[in-house]
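User: I am new to this structure. Please walk me through the reasoning behind the labels.

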Amino acid sequence: GLAFSPLAGRLKGIYLGVASLALVFIGQHVLFTAEPLTGGYNGRNVPELTIGSFQVLGTEPELSLLGVPLGQAERGWYVTLLILVLTTVFAVLVLRSRVGRAFAAIRDGEVHAAALGVRVARYRSVAFTLSSVYAGLAGVLLALLFQRVVPEYWDLFLSLEYLAMVVIGGQASVAGAIAGAAFVSSLPLLLQRYSDAIPGMGGAVSDFGPAYVAQIMYGGLIVVILFYEPKGLAALATRARKALTSRRPVPADHAAAP
């Protein structure tokens, strides 16, 4: 991301999107051909993450929490939760800083941001690099949890899922991005488990598969959100909270006040 950031800082709109997609194809070509590093089409195994003799995501030494043994899945869940909390706090601090205010100004209007003295190209490069750090950290977690990496994991469909996460959750909210990621990641699993309980959904899932049906639902939901609420689930949650607040009964002492 840092190596590509000078180019990303000079592109905007559809041109930046096309350049980002080009990186996907270039990256996959490198992953398929650099066999000594990546294992080529067959991928490669990932060693355990160890600190001394302690396996962070393994089974040694044996650990338990509140009487529940912490196996590989449980350790992976807690490590992922910890990293989610730390990265969320870091993102919130960035958005509240001078850099975050520059990001918001560029998002609302590049011309106005430049008029206010914001170096648009520089901060766009910073945003691209920072997002690459988050994506790289997610890739590390994925590799450690799966214990194996295959180049096919990181394809065009994964990029489209990332786009769906941002659009569905909300482009201007950290909480919305987390909600969008949780929704997009869990929808195929929910369809696989509970599709029979939804009228007309069980046959589609069995014929096409939960992942394919989920992609169709992502597409439809993105169209609906862009048409009715471009700011995603975060804006819908804010609107619902305001509606509930306005319906609360007014205390008698406030109502009687002149």
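Analyst: Start with the patch, and keep in mind that this model is predicted. Helix α4 (residues 72–96) gives the largest share of the nonpolar patch, seven residues.

User: Which residues make the nonpolar surface patch?

Analyst: Leu65, Leu66, Trp77, Tyr78, Leu81, Leu84, Val85, Val89, Leu93 and Ile178 make it. The patch covers about 970 Å².

User: Why is Leu84 called partly exposed?

Analyst: Its relative accessible area is 37%. Buried means under 20% and exposed means over 50%, so Leu84 falls in between. A patch residue needs over 30%, and Leu84 has 37%, so it passes that cut-off. Leu84 sits in helix α4.

User: What about Val79 in helix α4: why is it called partly exposed?

Analyst: Val79 has a relative accessible area of 22%. Buried would need a value under 20%, so Val79 is partly exposed. Val79 also lies 9.0 Å from Leu141, C-alpha to C-alpha. In sequence, Val79 and Leu141 are 62 residues apart.

User: How many salt bridges does the structure hold?

Analyst: Two. One joins the side chains of Arg124 and Glu110, the other those of Asp108 and Arg107.

User: What makes Arg124 and Glu110 a salt bridge?

Analyst: The N to O distance is 2.6 Å. The limit is 4 Å, so the pair qualifies. Arg124 is in helix α7 (residues 120–146) and Glu110 in helix α6 (residues 110–115), 14 residues apart, and the pair links distant parts of the chain.

User: Why do Arg124 and Glu110 also count as a polar contact?

Analyst: Their side chains are joined at 2.6 Å. The cut-off for a polar contact is 3.5 Å, so this pair is within it.

User: Is Arg124 buried or exposed?

Analyst: Buried. Its relative accessibility is 14%, which is under 20%, so the label follows. Glu110 has 25%, so Glu110 counts as partly exposed.

User: How do you know that Asp108 and Arg107 form a salt bridge?

Analyst: Their side chains meet at 3.3 Å, N to O. That is within 4 Å, so the pair meets the definition. Asp108 is exposed, because its 61% is over 50%. Arg107 has 49%, so Arg107 is partly exposed.

User: How many aromatic pairs does a search of the whole structure find?

Analyst: Six. One of them is Phe146 with Tyr153.

User: Why is the pair of Phe146 and Tyr153 called edge-to-face?

Analyst: Check the distance, then the angle. The centres lie 5.6 Å apart, within the 6.5 Å limit, so the rings pair. The planes are 75° apart, over 60, so the pair is edge-to-face. Phe146 and Tyr153 also form one aromatic cluster with Trp154.

User: Why are Phe146 and Tyr153 both called partly exposed?

Analyst: Phe146 has 47% relative accessibility. Tyr153 has a relative accessible area of 31%. Both values sit between 20% and 50%, so both get that label.

User: Which residues does UniProt list for "transmembrane region"?

Analyst: The unreviewed entry lists residues 12–32, 76–95, 126–150, 162–191 and 211–228. In the model, residues 211–228 are 100% helix and 0% strand, with end C-alpha atoms 25 Å apart. Residues 126–150 are 84% helix and 8% strand, with end C-alpha atoms 29 Å apart.

Key: Residues numbered from 1 in each chain as written. Predicted model: local features only at pLDDT ≥ 70, side-chain atom pairs only at ≥ 80, totals over all residues. Heavy atoms only, no water. Phe/Tyr/Trp six-rings, centres within 6.5 Å; stacked < 30°, edge-to-face > 60°. Buried < 20%, exposed > 50% of the residue type's maximum accessible area, 1.4 Å probe, protein only. Patch = residues over 30% accessible without salt bridge, like charges linked within 9 Å, V, L, I, M, F, W, Y side chains within 5 Å. Areas by Shrake-Rupley, 256 points an atom, 1.4 Å probe, with all protein chains shown as cover. Helix = DSSP H or I, 4+ residues; strand = E, 2+ residues; numbered from the N terminus. UniProt positions renumbered as here; feature names shortened; annotations may be inferred. Polar contact = N/O pair within 3.5 Å; in protein donor to acceptor, adjacent residues only side chain to side chain.
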